[in-house]
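Load the model and keep the selection panel open. This tour moves from one selection to the next and says what is there.

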Amino acid sequence: RHCIAAHILKSYNWIVQFDGDIGVVDESKCVESLLSPGIDVIHEERFHNGEIHAGSMIVRNNDFAWNYLMNWAKMERSQPRGFSNLDNGALHLHLLKLFYPDDASKYEKCRHAWNRSYDLSSYDQYVGCVMQYLSEFHENGPRNIRLLRRGHGFVRDLWVSDGLISPVDFFVHAIKAHVDLYQSGPDQCGKSSWKPLIPTEKIITIEAMKEKIRSTEDHFFSQRPLSLISASRIGDCWPTCRE
């Protein structure tokens, strides 16, 4: 799909790529609000294990972004035989190489961890290896790639909050597991006033969501500690943590 995205990109100034189970919950927000001068690629971290999400990204139409997508797509030919997590797993090494172009030791260390992955636990070791180096990033690598911190991206996994949403949510992921997120209503397709019909009982306050995030975060730090580095905790500062 990244190869397809690269070719579609040539016809637009920007493209936003979404998984098929991502839906909008706040139509008043604009994707343009996420764009910044000098930024060509925007990714975000997933909440439950800190990995960078391959299912949502924003890309600018220029040579850097086109090559970025094509080089990522080429990694399909170098997937390890074990638990690779496909394009999501490949994305981490792809970014690590760009962020540390002159330090092959970091790349090889994490690539070895990826090649050894055979289940979620060993895959988390690989993600933790990459994310530890990316969290230490200061001067090396490209400044035109933006990684949005866990809980502060434009797409959030819906099951993190048991199918509930907050006033700061924009898009949510994994709606196939929560098919009752949208209530039925009149057909609004093609209308400029389109608004997602969210049952009022599905919307909770920021404070209530903060409590859910703290609880879920504590759970995943105990269940998947190998990929969630301590510096990434957001339970106390969400939704205004520093990048």
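Select L69 first, in this predicted model. Leaving out residues up to four places away in sequence, L69 touches H2, A5, A6, L9, M57 and V59. Now widen the view to the largest nonpolar core, which has 35 residues. Within this core, L69 and Y126 touch the most other members.

Colour the elements that feed the core. At least two residues each come from α1 (2-9), β4 (56-60), α2 (63-74), α3 (86-99), α4 (104-116) and α5 (120-135). Which element gives the most to this core? It is α5, with 8 residues. As background, nonpolar side chains in soluble globular proteins tend to be buried together.

Next, select V24, L34, I42 and I58. These belong to a second, separate core of 11 residues.

**Helix α4**

Isolate α4. This helix has 13 residues. From first C-alpha to last, α4 reaches 18 Å, close to the 18 Å expected at 1.5 Å a residue. Show K106, Y107, C110, A113 and W114 as sticks: they are the buried residues of α4. Where do they sit around the helix? Look down the axis of α4: the buried residues fall within an arc of 130°, so they line one face. An α-helix has 3.6 residues a turn, so residues three or four places apart point the same way. Turn to the other side of α4, where A104 and K109 are exposed. Then bring back α3 and α5, which are among what covers the buried residues of α4.

Stay here for two lysines. K97 lies over the face of Y107, at 5.2 Å from the ring centre. K106 lies over the face of Y100, at 5.0 Å from the ring centre. Two residues on this stop have already appeared: Y107 and K106 are both on the buried list of α4.

**The rings**

Show every aromatic side chain. The structure holds 9 aromatic pairs. Zoom to F170 and F171: their ring centres are 4.3 Å apart and their planes stand at 35°, so the pair is tilted. Are these two residues buried or exposed? F170 is buried, with a relative accessible area of 8%. F171 is buried too, at 11%. Add F18 and F154 to the selection. Together with F170 and F171, they form one aromatic cluster.

**Two loop residues**

Go to S166. This serine is in the loop between β6 (155-157) and β7 (171-173). Its relative accessibility is 4%, and S166 counts as buried because the cut-off for that class is under 20%. Which residues does S166 contact, leaving aside neighbours within four places in sequence? Select I204, M209 and W238 to see them.

Last, select F83, in the loop between α2 and α3. At 29% relative accessibility, F83 counts as partly exposed. Beyond neighbours within four places in sequence, F83 is in contact with S117, Y118, D119, L120 and Y123. Of these, L120 and Y123 fall in α5 (120-135). Finish with a distance label from F83 to S11. The two are 72 residues apart in sequence and 35 Å apart in space, C-alpha to C-alpha.

Notes: Residues are numbered from 1 along each chain as its sequence is written. This is a predicted model: local features need pLDDT of at least 70, side-chain atom pairs count only at pLDDT 80 or more; totals for chains, interfaces and linings use all residues. Side-chain values use heavy atoms; hydrogens and water are left out. A nonpolar core is a set of buried Ala, Val, Leu, Ile, Met, Phe, Trp, Tyr and Cys residues joined through side-chain atoms within 4.5 Å. Buried means under 20% relative accessible area, exposed over 50%, partly exposed in between (1.4 Å probe, protein chains only). Helices (H or I, at least four residues) and strands (E, at least two) are DSSP runs, numbered from the N terminus. Contact means heavy atoms within 4.5 Å. The expected span of a helix is 1.5 Å times one less than its number of residues. The arc is that of the directions from the helix axis to the C-beta atoms. Rings of Phe, Tyr and Trp (its six-membered ring) pair if their centres lie within 6.5 Å; planes under 30 degrees apart count as stacked, over 60 as edge-to-face and the rest as tilted. A charge sits over a ring if NZ of Lys or CZ of Arg is within 6 Å of the ring centre and within 35 degrees of the ring normal.
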